[in-house]
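Please look through the structure below, with the sequence beside it, before reading on. The paragraphs that follow move from the chain as a whole to its cores, its strands and its disulfides.

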Amino acid sequence: MLHSRWVILAALISTSGFAGVSFKQKQMRVGALMKLQTNAPTLAFEAYQRELSYEEQGLSINARAKNETNLLADKIRSQIHSAYKAALAEHKDAEVAREEIRANIEKDLELASPELKNELLELAIQTLDSVEAGGVSEEVDLSSVEVVMQKEVVNRVEFLNKEEAPIGADPINPKANTSKDSERKEYSTKAELMETLVSDRESSRWVSTSNQTIKTAEITKTDSKISLQLKFEFLGVSVEAGPMISFNREYTTNAVIMAEGLNPVLMNDGNFDLWKRDRAGKVVVQNGKMVKRYVSFTCDAQLDFGTDYTGAGGFKFMGLGGDVTVTKKYVNTVNLASRRIALPEYVANKSMTIKYLSELCHRDFLNARLNNTMTISSSLNIMMKNMVAGLTFSHPKTKCAQDNHCYDWFNKEVISLVKIKNFPRCAEESGREKYRSCQLRGIEGQNCPVYEKGKRTSNGEWEYACDKGLKCVKYESQTFFLGAEWSPAKGKCQIINKKTYRNPFDVANEPTEIEIHFQN
C-alpha cells in the first residue's frame, strides 16, 4: 500500500498538466544535469533522461514508478545470471559458483538504500536459487521498492515542471564601455552600470579618512532542489539503488557601501546623503560650493549549496593535501564580488536609493554577463560543480581502497617490532558491515593462526593471516597434559608455488612503467 501523502501528491502532479513549462525547457534542464556526469559518475542522472521519455509518452506517476521498479529488478536479475555463468566457468562446480555469488550479493547490497535493501536481497537470492531455470524479465511484486520509486518520480517531475520565478529580465549583455573612469555619477542604462561592475579595470580609490560601511539587506533566491539517487556497484555493474541525495542551492546578494565621514550616509527616506558635513552636521562649503562626500559600493553575490541524504555510509571529499573526511552532510559557499565604483546619483534616469541599489545588485548583477556564454549566476554554479567534483560514496569506516593507501600507515604508525615479516594490505573486515581497512598480512616465515575443525588451536599471540600466495602450515601440534592444554599448535606462512610467488616488498618498490609514444 502506498503512503497516502505520496498518492495525493502523485495524483495532483498527474492531473496538473504543467502548462507553463515547454518540453524544450525540460530538455534543457536535463541537458544541464547530464553535463555533471563527467564530474560525478556515481550519481544516477540517467533517471532524468528516462523521465523526459515518460513525459513524452504521457505516463502516469504510478506507471513510471512501476517501470522504474521493473528496470531495477531486471538489471539485478541479469547481472546475477552473468556473474553466475562466469563463476561456473571458473570453478566448474555449480555449488561453489552459487556460494561465491551469494557472498558477493550480500556484500554489495550493504550499500543499498535501507528502504530497498530487504526486497532487493530477497529478489537477488530468489534469482540465484532458480538460476538454472533462466528467465530474466518477469515482473515481480516489490511494493517497498515501488513506494521509493514513486517518491523519486514525483521529485523528478517537480524538478522538470517547476515554473521558475525569474530573477529579472533577460540576462544583460551590455555594450562595450571604453571609459576607464570609475567615478561616474550617472549611467544612461542599467547595462552600462553592469558592464562597469563586472569589468576587469581597476576599482575606484579607497576612503583614506574616517569612514563607514553599510550592507543592504540580503535578498535570497532559492533555486530548484534536485534529488538524485546514488549508484553503487552490484556484482561489477552500477545499480541505481543507493541512498538519495538532495542538492540545494540558494543565491544571496547585497550591496556593500563605503562612505567617507561618520555622518550617516543613509537617510530615513532611503536616499543617500552625498554631502560632506562638518562636526556640527552642516554641509561643508568651499569656494562658495557645497562639497560632496566620496561614496563607493560593490555588489556581492553568494551561492550556498549543500548535499544531504538518508542511509548508511557517507560522502567522501578528497581535499588538498590528500585529506579525507567522511560526512553525512556537506555544506559550502562560493562568493563573487564586483569591481568597486563610485555610487552613481542616477541610473537609467532614476535617482539612486537603497532599494534601487539592492534590486540592481540582485536582479541585474546576477544576470550580468562576464562574456558571451557566462553570467554571474552561472559562474557561481560552475564553481559549485567544481567543488563537488570529487564526491564519492563509501562506508564511513572505510580507510582505504588499494594497498598503496596503507603504505603511510605502515611506515609511520606501525611500530618496528610489528613490521617484521609483515606487509600492509587494504582488506575487507569480516562481519556484516563489509568496510575496508589497513591490515597486516604475514609474509614467508611469519607466525600464523592454526585452525582445526573450525577451532583455533594456536595461542593467537603475534600471529597474522598469511599474505596472498602463502598458506598457513602447521609445524607443531597442540598437546595436552592431564586433560589440559600443555602447548598450543604453531604454524608458519609458507609459499604455495615458488615459481609464481613474488615478495610483496619487491613488487611495491618496482618503478612504475611509463609508455611514451612518438608521433611521426
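Among contacts in the protein chain between residues at least 6 apart in sequence, what percentage join residues at least 24 apart? In this model, which is predicted, the share is 69%. The protein chain holds 13 helices and 25 strands, and buried residues make up 42% of its 520 residues. Towards the outside, the chain exposes about 29400 Å², of which carbon and sulfur atoms supply 51%.

The interior can be approached through its largest nonpolar core, which has 32 residues, and in which Leu193, Phe272, Phe297, Leu343, Met352 and Leu357 touch the most other members. Two or more residues are given to this core by each of helix 8 (190–198), strand 7 (244–260), strand 10 (295–309), helix 9 (354–367) and helix 10 (376–387); helix 9 gives the most, with seven residues. Leu357 shows what such membership looks like at the level of a single residue, for, when residues up to four places away in sequence are not counted, Leu357 touches Ala255, Ile257, Phe272, Phe297, Leu343 and Met352. Apart from this core lies another, of 24 residues, and Leu72, Ile80, Leu123 and Val145 are among them.

Leu123 also leads to helix 6, where Leu116, Glu119, Leu120, Leu123, Ala124, Ile125, Thr127 and Leu128 are buried. The geometry of this helix can be checked with simple arithmetic: at 1.5 Å a residue, the 16 residues of helix 6 (residues 114–129) should span 22 Å, and the end C-alpha atoms lie 23 Å apart, which agrees with that expectation.

Turning to the strands, one open sheet consists of three strands in the order 1-15-16, with mixed pairing. Strand 1 (186–187) and strand 16 (350–351) are at the edges and have a single partner strand each, so one side of each is left without a neighbour in the sheet. Strand 1 pairs with strand 15 (residues 346–347) in the parallel sense over two bridges, and Glu186 stands opposite Tyr346 of strand 15. An antiparallel arrangement is found elsewhere, where seven bridges join strand 18 (residues 422–428) to strand 19, and Ala427 has Ser437 in strand 19 as its bridge partner. Strand 19 (residues 436–442) is largely enclosed by the rest of the structure, because six of its seven residues are buried.

How many disulfides does a search of the whole structure find? The search finds four, and three of these links can be followed here, beginning with Cys299 and Cys361, whose sulfur atoms are 1.9 Å apart. The link of Cys299 and Cys361 is left-handed, with -70 degrees about the S-S bond. Since Cys299 lies in strand 10 and Cys361 in helix 9, this pair ties together parts that are 62 residues apart in sequence. Both Cys299 and Cys361 are buried.

A second link joins Cys406 to Cys438, with an S to S distance of 2.1 Å, and is also left-handed, at -90 degrees about the S-S bond. Cys406 belongs to the loop between strand 17 (392–394) and helix 11 (407–412), whereas Cys438 belongs to strand 19, so that distant parts of the chain, 32 residues apart, are linked. Cys406 counts as buried at 0% relative accessibility, and Cys438 is buried as well, with a relative accessible area of 18%.

A further disulfide is formed by Cys448 and Cys472, their sulfur atoms 1.9 Å apart; the torsion about this S-S bond is about 85 degrees, so the link is right-handed. Cys448 sits in the loop between strand 19 and strand 20, and Cys472 in strand 22 (residues 470–476), the two being 24 residues apart. Cys448 counts as buried at 1% relative accessibility, while Cys472 is partly exposed, with a relative accessible area of 33%.

Two loop residues bring the backbone into view. Asn287 has a positive phi of about 55 degrees although it is not a glycine; it is placed in the loop between strand 8 (285–286) and strand 9 (289–290), and counts as exposed at 81% relative accessibility. Lys453, likewise not a glycine, has a positive phi of about 55 degrees, lies in the loop between strand 20 (451–452) and strand 21 (455–456), and is exposed, with a relative accessible area of 91%.

Definitions and conventions. Residues numbered from 1 in each chain as written. Predicted model: local features only at pLDDT ≥ 70, side-chain atom pairs only at ≥ 80, totals over all residues. Heavy atoms only, no water. Helix = DSSP H or I, 4+ residues; strand = E, 2+ residues; numbered from the N terminus. Expected span 1.5 Å × (residues − 1). Buried < 20%, exposed > 50% of the residue type's maximum accessible area, 1.4 Å probe, protein only. Pairing = 2+ DSSP bridges. Core = buried A, V, L, I, M, F, W, Y, C linked by side-chain atoms within 4.5 Å. Contact = heavy atoms within 4.5 Å. Areas by Shrake-Rupley, 256 points an atom, 1.4 Å probe, with all protein chains shown as cover. Disulfide = S-S within 2.5 Å.
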